[in-house]
Amino acid sequence: MKPRKILCVGLVCVDIVQVCECFPDEDSDRRFAIKDFSENNISTENCICHIGQDLPLSTVIINKQNGSRTIIHSNKSFPELKIHEFEKIDFSAYSWVHFEGRNIKQTTEMMKFLLEWREKSTIMLKISVEIEKPRSEQEILITLADVVLLGKDFAIFSGCNSMSETIDKFRHTTRNGATLISVWGTEGATGYTDNIGLKHSPAFLQQKTVDTLGAGDTFAAALIHSLNEGHELDKSVEFACKVAGAKTGIKGFSQLKTVCQGILN
């Protein structure tokens, strides 16, 4: 059976990307959000649109010499997604719902609502969450997901010095049978479940780093895609590391589909 769609819950942000021959000389490029989603076959049918309100804006400066980046973010009180808006979605069309670790109070309510919905439904629906920012209030989200991605910044903030320490610290707070993924950028990623233990993949670094913007999101997307297709944890973590690594060697995301096909083949 073909997997149903994946629903992503978060916030849309417009990036202005400035690639510099050397910092801080700059050149910028701006993308229109709806057109960009459409061209990449990403549905916006469940997105809440706020007429007359500008999208949050990130200005990204990329150092062409080494691919490093600096992000300046601006959000002029753009409304976050509310639980009453989330409840209107037809979840039977989806096999996976992924949350960004933000808007904690509302996200907690959404995840709890989804768990209750799932208990009453015959439909198999996975719930995942990605936690990156160094904020302790996000820890409640770890207890509500089937798949939890923990970023390096959050892990270090929580007192962990490695992927194994991160998993050891948080594996007792996850739901029964949940999958925990510790992501450490250039050091790779480690996945864990109680029944199969630790599965590590190194990072697949490119000879030349071109653009690291969105590499973490690319990892999450590739991991969820692979798990949603029914692949084992070790294969999924490795695939995600390969795709995320390949993304750092290209500008933007338009070539990612071709990259993924090459990795799969």
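Begin at the largest cavity of this predicted model, whose volume is about 60 Å³. The count of cavities of 30 Å³ or more comes to one. To display its wall, select Val9, Gly10, Glu80, Leu81, Glu100, Arg102, Asn103, Thr107 and Met110; sorted by class, this lining has three nonpolar, three polar and three charged residues.

Keep that selection and centre the view on Gly10, which sits in the loop between strand S1 (5-9) and strand S2 (14-20). Gly10 counts as partly exposed, because its relative accessible area is 35%, a value in between the limits of 20% and 50%. Once residues up to four places away in sequence are set aside, Gly10 touches Glu100 and Arg102, and both of these residues also appear in the lining of the largest cavity. For a sense of scale, draw a distance from the C-alpha of Gly10 to that of Glu229: the two residues are 219 residues apart along the chain, and the separation is 23 Å.

Next select Asn103, another of the residues that line the largest cavity. Asn103 belongs to the loop between S6 and helix H3 (104-120), and its backbone deserves a look, since phi is near 50°, a positive value in a residue other than glycine. With a relative accessible area of 22%, Asn103 is partly exposed.

From here move to Leu141 in helix H4. Is Leu141 buried or exposed? Leu141 is buried, because its relative accessible area is 0%, where the cut-off for buried is under 20%. Leaving out neighbours within four places in sequence, its contacts are Gly101, Ile104, Thr107, Thr108, Met111, Val129 and Ile131; one of them, Thr107, also belongs to the lining of the largest cavity. A C-alpha to C-alpha line from Leu141 to Ile104, 37 residues apart along the chain, spans 7.9 Å.

Continue to Asp146, which is found in the loop between helix H4 (139-142) and strand S8 (147-151). Asp146 is buried, its relative accessible area being 13%. Beyond its neighbours within four places in sequence, Asp146 is in contact with Arg118, Leu125, Lys126, Ile127, Arg175, Ala178 and Thr179.

Lys126 leads on to the second largest pocket, which holds about 440 Å³ of space. Of the 21 residues that line this pocket, the closest to its centre are Trp96, Lys126, Leu227, Asn228 and Gly230, so these five make a sensible selection. Colouring by secondary structure will help at this stop, as strand S6 (94-100) and helix H7 (215-228) each supply at least two residues of the lining. Colouring by residue class instead separates the lining into eight nonpolar, eight polar and five charged residues.

Now follow H7 to its packing against helix H8 (residues 233-247), where the axes lie 8 Å apart and the helices meet at an angle of about 145°. The crossing of H7 and H8 is right-handed. On the H7 side, select Ala215, Thr218, Phe219, Ala222, Leu223, His225, Ser226 and Leu227, and on the H8 side Leu233, Ser236, Val237, Phe239, Ala240, Cys241, Val243, Ala244 and Lys247, which are the residues through which the two helices meet. By class, this contact has twelve nonpolar, four polar and one charged residues. Leu227 appears in this contact and is also among the residues closest to the centre of the second largest pocket.

Stay in helix H8 and pick out Ala246, which is buried, with a relative accessible area of 15%. Apart from neighbours within four places in sequence, Ala246 is in contact with Phe204, Gln206 and Val259. A C-alpha to C-alpha distance from Ala246 to Thr209 comes to 9.3 Å, for two residues 37 residues apart in sequence.

The last stop is Thr70, in strand S5 (residues 69-74). Thr70 is partly exposed, with a relative accessible area of 40%. Not counting neighbours within four places in sequence, it is in contact with Thr59, Val60 and Ile61. To end the tour, draw a line between the C-alpha atoms of Thr70 and Thr143, which are 73 residues apart along the chain and separated by 32 Å.

Notes:
Residues numbered from 1 in each chain as written. Predicted model: local features only at pLDDT ≥ 70, side-chain atom pairs only at ≥ 80, totals over all residues. Heavy atoms only, no water. 1 Å grid on protein atoms, 1.4 Å probe; cavity = no way out; pocket = protein on both sides within 12 Å on 5 of 7 lines; lining within 4 Å. Points joined across faces, edges and corners; volume = space filled by probe spheres on them. Helix = DSSP H or I, 4+ residues; strand = E, 2+ residues; numbered from the N terminus. Nonpolar A, V, L, I, M, F, W, Y, C, P; charged D, E, K, R; others polar. Axes fitted to C-alpha atoms, helices over the stretch in contact; angles between N-to-C directions. Left-handed = near helix turned anticlockwise from the far one by under 90°. Contact = heavy atoms within 4.5 Å. Buried < 20%, exposed > 50% of the residue type's maximum accessible area, 1.4 Å probe, protein only.
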